[in-house]
Amino acid sequence: MFDLLETIWMCPVCGKMLFKNDALSLQCENHHNFDRARRGAVYLLPPNRKNAGNSGDNPEMVQARRQFLQKGYYSHLLDTLCQALDAYFPENGTLLDAGCGEGYYTKGMRMHLEKQGVSANFYGVDISKTASNYASRADSLINYAVASVFHLPVLDESCDMVVSIFAPYCGEEFQRVLRQDGFFVMAIPSAKHLWELKQAVYDKPYENQVKDYSLDGFQFVKKYECQKYISLDNHEDIQALFEMTPYAYRTSPKEKERLFALDSLTTETAFEVLVYQKVR
Ligand SMILES: [Zn+2]
């Protein structure tokens, strides 16, 4: 028999804790069983949403973003997230990356804590099967699931920190899975993020709207800011950067042509990392 290891995963069928019964599958006390693809993420979408794992990012976009991030263009954001961990993440704590994509930041944060000698349990979910599987294969010490941030397959009050990096926000779910006094950390683009890229593509570029910081059920604790100019010297990286932005979906043919003609670009990148605490 294998040892049963506790997790924070919740059975999408009956709501009980899922145990790891070996390296490849998870099981609850009611014998609902969830297999993992080889070294991949476990599939924890509810039974009535079986096909949803094909939504989210397509494989080409995931691959382009992974290559872009691996070149370190956004390493300053990772460093800033790690500063927030140093200040607010407890020894032996549990972190959930809600909307983790291909796991660049998840892995980076885990490795940072490991270097500091802080033990931690890391979990990540993403609705994209491609992205979750990439993430899982890139770091076997993190537990990844294909799941929605709007229906987290995560037990109540099981996390010390929930992280959301340019991912959809679901305050009720984040509240539910956080322990009392747990922290919510959110990364958002600053007003001038990618300003030069927008200037190069659009007739009339707009600054990003930075909303006020209040969130229901959370107390605002701290804001970190980071900013860096990055220089891209090939079209592939510029294209990947553009496709990571929310405006990629509403670009006219003329603007796409301008983007296509760009083979070098220096642009500002600027982020805010906001830390909140769950209100009792
Ligand atoms: Zn079950």
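**Helix crossings, sheets and domains**

The crossing of helix α1 and helix α4 is right-handed. This description rests on a predicted model. Helix α1 spans residues 59-70 and helix α4 spans residues 129-138; their axes come within 9 Å and cross at roughly 40°. Because angles from 35 to 65 degrees fall outside both the roughly parallel and the roughly perpendicular classes, α1 is oblique to α4. On the α1 side, the contact is made by P59, V62 and R66. On the α4 side, T130, A131 and Y134 take part. By class, the residues of this contact divide into four nonpolar, one polar and one charged.

A second pair of helices can be read in the same order. Helix α2 covers residues 75-88 and helix α3 covers residues 104-116, and their axes come within 10 Å. The axes of α2 and α3 cross at roughly 50°, which means that α2 is oblique to α3. The crossing in which α2 passes α3 is right-handed. Helix α2 contributes L78, L81, C82 and L85 to the contact. Facing them from α3 are Y105, G108, M109, H112 and L113. The contact of α2 with α3 has seven nonpolar residues, two polar residues and no charged ones.

From the helices, the path leads to the sheets. One open sheet consists of eight strands in the order β5-β8-β7-β6-β9-β10-β12-β11, and its pairing is mixed. At its edges lie β5 (42-43) and β11 (218-232), each of which pairs on one side only. Within the order of this sheet, β9 stands beside β10. Strand β9 (residues 159-165) and strand β10 (residues 178-189) run parallel and are joined by six bridges. One bridge in β10 involves M186, whose partner is S164.

Another open sheet has four strands, ordered β1-β2-β3-β4, with antiparallel pairing. Its edge strands are β1 and β4 (33-35), each pairing on one side only. With direction ignored, neighbouring strands of this four-stranded sheet are turned by 30° against each other on average. At the β4 edge, the partner is strand β3 (residues 25-27): β3 and β4 pair in the antiparallel sense over three bridges. Across this pairing, L26 stands opposite F34 in β4.

The division into domains gives a wider frame for these elements. Domain 1 comprises residues 1-35, and domain 2 comprises residues 49-278. The C-alpha centres of domain 1 and domain 2 lie 28 Å apart. Where the domains touch, six residues of domain 1 are in contact with nine residues of domain 2. Strand β1 (residues 5-10) supplies four residues, the largest share of the side of domain 1 that touches domain 2. That strand is also one of the edge strands of the four-stranded sheet, pairing there on one side only. The side of domain 1 that touches domain 2 has five nonpolar residues, one polar residue and no charged residues.

Two features may be recalled in closing. Both helix pairs cross in a right-handed sense, α1 with α4 and α2 with α3. The two sheets are both open: the eight-stranded one has mixed pairing, whereas the four-stranded one has antiparallel pairing.

Note on methods
Residues numbered from 1 in each chain as written. Predicted model: local features only at pLDDT ≥ 70, side-chain atom pairs only at ≥ 80, totals over all residues. Axes fitted to C-alpha atoms, helices over the stretch in contact; angles between N-to-C directions. Parallel < 35°, antiparallel > 145°, perpendicular 65-115°, else oblique. Left-handed = near helix turned anticlockwise from the far one by under 90°. Contact = placed C-beta atoms within 7 Å. Nonpolar A, V, L, I, M, F, W, Y, C, P; charged D, E, K, R; others polar. Pairing = 2+ DSSP bridges. Domains from an automatic or database assignment.
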